[in-house]
Amino acid sequence: MSLSAAGPGGHVQAAHRPVLALADDLSGAAGTAVALRSPARILLGPVAVPVTSAPGESLVLDLDSRQLPGAEAARAVRDVTHAVPARTVLFKKVDSLLRGNLAAEAGAYARGGRGVVIATALPAARRTVRGGIVHLDGVPLHESDAWRAEARPAPPSVAAALGDLPSAPVPLTDVRGAPGALREALRACFAQGRHPVCDAETETDLDAIAAAALELGPGIRLLGTGGLAGALGRLLGTPGESGETGERALTPGDAVRPLLIVVGTAEPSAPGQIAHLLAAGAHQVSLSTHELLHTPRRLAPPVAAVTVVRITGAADPSRARRLVAALADTVAEAAHDCDLVLTGGETARRVLDVLRVTDLRPVGQIHHGAVLSRTPDGRSVVTRPGSYGEADSLRRIVRALRPAPVRHVPTDPTGVAP
Ligand SMILES: NC(=O)C1=CN([C@@H]2O[C@H](COP(=O)(O)OP(=O)(O)OC[C@H]3O[C@@H](n4cnc5c(N)ncnc54)[C@H](O)[C@@H]3O)[C@@H](O)[C@H]2O)C=CC1
Ligand SMILES: NCC(=O)COP(=O)(O)O
């Protein structure tokens, strides 16, 4: 990969620098991998360190740490970052809603580096950072309901989410300032022992932040969302590679397998997305939370061309980990010889874990966040964060994977097989 940005106050030399990205869940890892715009591998950790990549290839490691206790999440980060070759560009993917173990992981990530440049805006999802505060469509995160499923209230600022990590705000005036001003603002933060938290509203802002961070040279680490990964991709990735697959027909390979869609997210948008799929002829298997937690069973391999498995009913948030593990066990046998669509991140990881998939190659993106990857045995796997996508998201994904019309199979509201 070559660094093609001309730096303010001087030319940034073209340099081949491998990227290692760490994500706390699998849908975030996949989104990061396509954003980096280079050949990439997604590794489902833990992995042996030091982690090494093939020349020209980015590595994205899913630490699967979103749901871990803070100390374990921090250890997972440290286990990798302590052994990274000096010239590697390190990127830590975080949730644009600041969920997960942000404070613990950022603290661990900062150790051993010269400093961390932080920019958590995600303009593609209208998530911006102004005055150090995340805004969702203009509404401050802590005044939104985005943390409704979390046990804690949303943090009032990025700095608050970072806990004890010493940080300093970098306002938009610096981000958009005269050439070289941003780099010097970042340098000034580091000189005070603080990690800069950058405001950003646009991709152009993120491009400036990523370029300034890289100009500061090896040892400066980046932390942000898929938006900042995209900026890195534009700087370091393969020219002309956008990562967008869209809905064009994809070569299905030798065998067209059944398509199994597992919806494990509790997002309120999911039922509407499933309804669109059913209207297009997909078969549905509904599993109640009670059944999953108390009388789990094994689904038989699907007969229908497209089958969607969903969770119905409510469960206490304290059972969430068990619930998603039970869902993965339930679909394990059925999923064995299927192409897969998995949403959200924890669901995707649990299902691939039971299938013993440890390595994915991203192919492209069907829509923002809906990433198509291939398993080593040639199967297609689409991962998507639970909260992403319009009402037709799953239908669009199916259309991309199965351009031919889906044969209608009547849905059994209680059953497993049609
Ligand atoms: N604190 C909690 O229990 C939860 C937190 N979240 C947050 O949302 C983030 C994004 O998650 P997504 O991408 O949407 O999906 P995901 O696949 O990453 O997580 C979905 C979670 O919701 C749980 N769940 C699904 N249906 C449920 C139901 N009917 N009742 C109770 N729990 C149910 C699953 O067991 C799983 O743990 C997570 O990483 C986490 O930060 C999401 C759900 C539950
Ligand atoms: N797992 C998906 C996720 O973390 C969403 O991340 P972002 O796209 O909101 O940064």
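This report describes two annotated spans, two bound ligands and one small sheet in a predicted model.

**Annotated spans**

Two domain annotations come from an unreviewed UniProt entry. The record assigns "Four-carbon acid sugar kinase N-terminal" to residues 20-232. In the model this span is 33% helix and 22% strand, and its end C-alpha atoms lie 11 Å apart. The record assigns "Four-carbon acid sugar kinase nucleotide binding" to residues 276-394. That span is 32% helix and 31% strand, with 8 Å between its end C-alpha atoms.

**Ligand 1**

Ligand 1 is surrounded by 23 residues, of which Thr265, Gly313, Ala320, Glu346 and Thr347 are the closest. By class, this shell consists of 8 nonpolar, 9 polar and 6 charged residues. Domain 1 (3-236) and domain 2 (259-401) each contribute at least three residues to the shell. Two helices, α11 (320-335) and α12 (345-354), each supply at least two residues. The largest share, 4 residues, comes from α11.

Oxygen atoms of ligand 1 make polar contacts with the protein. One lies 2.6 Å from an N or O atom in the side chain of threonine 347. In the case of glycine 344, the partner of a ligand oxygen is a polar backbone atom, at 3.4 Å. A contact of 3.0 Å is found between an oxygen atom of ligand 1 and an N or O atom in the side chain of glutamate 150. Taken alone, ligand 1 exposes 780 Å², and the protein buries 90% of that area.

**Ligand 2**

Around ligand 2 there are 13 residues, the closest being Asp25, Ser27, Arg66, Ser96 and Tyr388. This shell divides into 4 nonpolar, 4 polar and 5 charged residues. The table lists polar contacts between side chains and ligand 2.

| Residue | Ligand 2 atom | Distance |
|---|---|---|
| Aspartate 25 | nitrogen | 2.5 Å |
| Aspartate 95 | oxygen | 3.4 Å |
| Arginine 127 | oxygen | 3.4 Å |

On its own, ligand 2 has 300 Å² of accessible area, of which the protein covers 94%.

**The sheet β6-β7-β8**

Arginine 127, whose side chain has a polar atom 3.4 Å from an oxygen atom of ligand 2, also belongs to a sheet, where this residue stands opposite leucine 136 in β7. The sheet is open and antiparallel, and its 3 strands follow the order β6-β7-β8. Strands β6 (127-130) and β8 (139-140) stand at the edges; each has a single partner strand, so one side of each is left without a neighbour in the sheet.

Strand β6 is joined to β7 (residues 133-136) by 4 bridges. Within this pairing, threonine 128 stands opposite histidine 135. The two strands form a hairpin with 2 residues between them, and glycine 131 in the turn has a positive phi of about 60°.

On the other side of the sheet order, 2 bridges join β7 to β8, and these strands run antiparallel. Histidine 135 stands opposite proline 140 in β8. Histidine 135 is thus placed opposite a residue in each of the two pairings, threonine 128 in one and proline 140 in the other. Strands β7 and β8 also form a hairpin with 2 residues between them; in this turn, aspartate 137 has a positive phi of about 50°.

Conventions. Residues numbered from 1 in each chain as written. Chains lettered and ligands numbered in written order. Predicted model: local features only at pLDDT ≥ 70, side-chain atom pairs only at ≥ 80, totals over all residues. Heavy atoms only, no water. Pairing = 2+ DSSP bridges. UniProt positions renumbered as here; feature names shortened; annotations may be inferred. Near = heavy atom within 4 Å. Polar contact = N/O pair within 3.5 Å; in protein donor to acceptor, adjacent residues only side chain to side chain. Areas by Shrake-Rupley, 256 points an atom, 1.4 Å probe, with all protein chains shown as cover. Nonpolar A, V, L, I, M, F, W, Y, C, P; charged D, E, K, R; others polar. Domains from an automatic or database assignment.
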